[in-house]
Amino acid sequence: MIRAIYPGSFDPVTLGHLDIIRRASQKVDELIVGVLNNGGKTPLFSIDERVSMLKEVTGGLSNVKILSFSGLLVDFARQTEATIVVRGLRAISDFEYELQMAQTNHKLNPQVDTMFLATSLQYSYLSSTIVKEVASFDGDISEFVPGTLVERVKEKVRERRDR
Ligand code: PNS
């Protein structure tokens, strides 16, 4: 039984994330999408909202589970008995930080190895930060996030802007 975790902030989940979730879930028995509940950061969406959006857009994938976690990823991996961490690599600029994280995580928990998936070309520019930036200027985000989330993201960004 191979169980992997795909960790991230998912604030909000993008089509790039969803592409990695779909592809990674085909390579393992179970894929846990681990949504970071980090008290230090102020995300646009609450942890419950991020978990609920992910559940909605991964509904058709039977071996994908959405869970939140706080603290160290390697501790979450221990709790869930996962041995693989999946991360997407968009560009060489991602690599340095990702390598450092992968090596630190392996040092902290030698049971855990990180596997990188190359982001599909059509999403190589995409990030949650870009989505929020475009939405904050009323730009079109329909090619960035799943269709069912477009209005929710725009509304949330408007709410924050008008506060
Ligand atoms: O979507 P992100 O923000 O790029 O994801 C980063 C994430 C959640 C993978 C990373 O910040 C993380 O694993 N945080 C939990 C704390 C931890 O274990 N840090 C890694 C030690 S180097």
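I'll go through the internal cavity and the largest pocket of this structure, which is a predicted model.

Cavity first. Searching the whole structure turns up one cavity of 30 Å³ or more. Its volume comes to about 40 Å³. The lining consists of P7, L73, V85, R87, E98, M101, A102, N105, T114 and F116. Three elements contribute two or more residues each to that lining: strand 4, which is 84-89, helix 4, which is 92-108, and strand 5, which is 113-118. Helix 4 supplies the largest share, four residues. By class, the cavity lining splits into six nonpolar, two polar and two charged residues.

Now the pocket. The largest pocket has a volume of about 1100 Å³, and 41 residues line it. If you want to find its centre on the screen, look for P7, G8, S9, K41 and R87, which lie nearest to it. Which elements give two or more residues to this lining? They are strand 1 at 3-8, helix 1 at 15-25, helix 2 at 47-57, strand 4, helix 4, and helix 5 at 128-136. Helix 4 gives the most, with eight residues. The class count for the pocket lining is 16 nonpolar, 17 polar and eight charged.

Last, the overlap. P7 and R87 are in the cavity lining, and P7 and R87 are also among the residues nearest the pocket centre. At the level of elements, strand 4 and helix 4 each give two or more residues to the cavity lining, and strand 4 and helix 4 do so for the pocket lining as well. Helix 4 is the top contributor to the cavity and to the pocket.

Terms used: Residues numbered from 1 in each chain as written. Predicted model: local features only at pLDDT ≥ 70, side-chain atom pairs only at ≥ 80, totals over all residues. Heavy atoms only, no water. 1 Å grid on protein atoms, 1.4 Å probe; cavity = no way out; pocket = protein on both sides within 12 Å on 5 of 7 lines; lining within 4 Å. Points joined across faces, edges and corners; volume = space filled by probe spheres on them. Nonpolar A, V, L, I, M, F, W, Y, C, P; charged D, E, K, R; others polar.
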